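Reader: I would like to learn how to read a protein model feature by feature. Could you take me through one?

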Amino acid sequence: QIARQLGAKRISETVLLDEHLNVVYRGRIDDQVSPGVKRNAPTAKDLEDAINALVNDAPLLEHQTEPVGCLIT
């Protein structure tokens, strides 16, 4: 129900909310897995970067990335 309310489309999609319940980041957790690619470790940690920016009151470099995974049905 929450995924539907937030408009999540994919299983692995994350949504980061601020203290006012505004969406500040939406997308993938990291880039470890993508279509045709599976890395031993991520090279980009999108959600971690967004959390750190939010906690430190710093600007987010990316507010949205493309999530990977099965569609939520």
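Author: What follows goes from the overall layout to the core, the salt bridges and the surface. One caution at the start: this is a predicted model.

Reader: Start with the layout. How many helices and strands does the protein have, and in what pattern do they come along the sequence?

Author: The usual start is to list the elements and then their order. Here the secondary structure consists of 2 helices and 4 strands. Along the sequence they follow the pattern α-β-β-β-β-α. The C-alpha atoms fill a box of roughly 35 × 30 × 15 Å along the principal axes.

Reader: What share of the residues is buried, and how much area does the protein expose?

Author: Burial is read from relative accessible area, and a residue under 20% counts as buried. Of the 73 residues in the protein, 25% are buried by that rule. The protein exposes about 5500 Å², and carbon and sulfur atoms supply 54% of that area.

Reader: What do the contacts say about residues that are far apart in sequence?

Author: Take the contacts in the protein with a separation of 6 or more: 45% of them come from residues 24 or more positions apart.

Reader: Now the interior. Which residues form the largest nonpolar core?

Author: A core of this kind is a set of buried nonpolar residues joined through side-chain atoms. The largest one has 7 residues, namely L16, V24, Y25, L47, A50, A53 and L60. Both β2 and α2 supply at least two residues of this core. The largest share, 3 residues, comes from α2.

Reader: Take L47 from that core. What is it in contact with, beyond its sequence neighbours?

Author: Leaving out residues within four places in sequence, L47 is in contact with T14, L16, Y25, R28 and I29. L16 and Y25 are also listed in the core.

Reader: Next, charges. How many salt bridges are there?

Author: The general idea is that side chains of opposite charge can pair when their charged atoms come close. The structure holds 3 salt bridges. One of them joins the side chains of E13 and R26, at 3.0 Å from N to O. E13 is in the loop between α1 (2-6) and β1, and R26 is in strand β2, so this pair ties together parts 13 residues apart in sequence.

Reader: Are E13 and R26 buried or exposed?

Author: Both E13 and R26 are buried. For R26 the relative accessibility is 16%, so it counts as buried. Apart from residues up to four places away in sequence, R26 touches L6, G7, A8, E13, T14, V15, H63, Q64 and T65.

Reader: Which side chain meets that of R28 in a salt bridge?

Author: The partner of R28 is D46, at 2.4 Å from N to O. R28 sits in the loop between β2 and β3 (33-34) and D46 in helix α2, so the pair ties together parts 18 residues apart in sequence. R28 is partly exposed at 23% relative accessibility, while D46 is buried at 9%.

Reader: What else does D46 contact?

Author: Besides R28, and leaving aside neighbours within four places in sequence, D46 is in contact with Y25, I29, D30, D31, E62 and T65. D31 has a salt bridge with R39, where the side chains meet at 3.9 Å from N to O. D31 is buried, with a relative accessible area of 8%, and R39 is partly exposed at 30%.

Reader: On to the surface. Which residues make a nonpolar patch there?

Author: L17, L21 and V23 make a nonpolar surface patch of about 260 Å². V23 belongs to strand β2 (residues 23-27) and is partly exposed at 42% relative accessibility. L21 lies in the loop between β1 (14-17) and β2, and it is exposed, with a relative accessible area of 65%.

Reader: Last, the backbone. What is phi of L21, and where is D57 placed?

Author: A point to check is a positive phi in a residue other than glycine. L21 is such a case, with phi near 65°. D57 is another, with phi near 55°. D57 is in the segment after α2, and at 72% relative accessibility it counts as exposed.

Conventions. Residues are numbered from 1 along each chain as its sequence is written. This is a predicted model: local features need pLDDT of at least 70, side-chain atom pairs count only at pLDDT 80 or more; totals for chains, interfaces and linings use all residues. Side-chain values use heavy atoms; hydrogens and water are left out. Patches are made of residues with over 30% relative accessible area and no salt bridge: like charges are joined within 9 Å, nonpolar side chains (Val, Leu, Ile, Met, Phe, Trp, Tyr) within 5 Å. Accessible areas come from the Shrake-Rupley method with a 1.4 Å probe; for residues, only the protein chains shown count as cover. A salt bridge is a side-chain nitrogen of Lys or Arg within 4 Å of a carboxyl oxygen of Asp or Glu. Buried means under 20% relative accessible area, exposed over 50%, partly exposed in between (1.4 Å probe, protein chains only). Contact means heavy atoms within 4.5 Å. A nonpolar core is a set of buried Ala, Val, Leu, Ile, Met, Phe, Trp, Tyr and Cys residues joined through side-chain atoms within 4.5 Å.
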